[in-house]
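Let's take a stroll through one sheet and the helix that goes with it. Pull up the model and follow along.

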Amino acid sequence: MEVTWWGHASCTVEDSGVRFLTDPLFARRLAHLRRRRGAAPPPEAARAEAALVSHLHADHLHVPSLARLAPGTVVVVPRGAPRAVPGLRRLGERGLRLTEVGPGDTVTVEGVTVRAVPALHDGRRLPVGPHRSPALGYVVEGEARTYFAGDTGLFESMAEAVGPVDVALLPVGGWGPYLGHNHLDAGRAAQALAALCPAAAVPVHYGTYWPIGMDAVRPHEFHAPGEEFVRQAARLAPKVVVHLLGHGARVRPEVAR
């Protein structure tokens, strides 16, 4: 089992020879955001048997990035996403295999099971639109059980909803100087880690995108979350091995099943 972090919430989880790409975002610029650290992911980042989309926000459901996937790729999205984001329907017409799920649903991709789990986050396609889709996390269950949290706040039943996992990919920051409601910062992510008790963790969703013209506004919120998560995790979940990856780096966490 191997994890590659491409930046923001985009990771490749390869398990049992099957590649799962989380929340693919390959753009150098997205609206008012620009990529400040790490080269744009290479073409190989778009090679996957399945893509897992956690929610409808444009930095997680990015239609142009999904369009780079090969026809036949399974794209797992929250239930109702194609109605809320018409571009998804066009991708389906071009050969991507859209699969809508809600919490508790499972999808099997080449023998590896993906289980959708709840997340505490706004599932709308902002800035406008009704709440049409749930925000989700996913657990990839193959040789290891890997939890991709998507974007979520800390909630009381998280450990119960997610279940036993070996590796946790947890958001520890954001793309601006202030985190809104229902996000994890480094401290809350460490609390989640203590509740989940995996063997290993990888911090994501930080240190990649930042608003144009705001480089000097609370820059520690861009640079510091990964290392702060390592520090907080050592205090709250000392048995968990935390892998602090650079953009494009990969790791094979040691897990015992």
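In what order do the seven strands of the open sheet run?

## The sheet as a whole

Going across, the order is β9-β10-β11-β12-β13-β14-β16, and the pairing is mixed. Keep in mind that this is a predicted model. At the edges sit β9 (106–109) and β16 (241–242), each with a pairing partner on one side only.

Strands of a sheet pair through backbone hydrogen bonds, and they can do that either parallel or antiparallel. Strand β12 is a handy place to look at both senses.

## β12 and its two partners

On one side, β12 (residues 145–148) goes with β11 (residues 136–141). This pair is antiparallel, with four bridges, and the two strands make a hairpin with three residues between them. If you want a spot to zoom in on, Val 140 has Thr 146 in β12 as its bridge partner.

Then there's β13 (residues 167–171), which pairs with β12 in the parallel sense over three bridges. Here Tyr 147 is matched with Ala 168 of β13, while Phe 148 has Leu 169 of β13 as its bridge partner.

## The helix on the sheet

Which strands does helix α5 touch? Helix α5 (residues 186–196) packs on the sheet and touches β12, β13, β14 (200–204) and β16. The direction of α5 makes about 160° with that of β13.

Methods. Residues numbered from 1 in each chain as written. Predicted model: local features only at pLDDT ≥ 70, side-chain atom pairs only at ≥ 80, totals over all residues. Heavy atoms only, no water. Pairing = 2+ DSSP bridges. Contact = heavy atoms within 4.5 Å. Axes fitted to C-alpha atoms, helices over the stretch in contact; angles between N-to-C directions.
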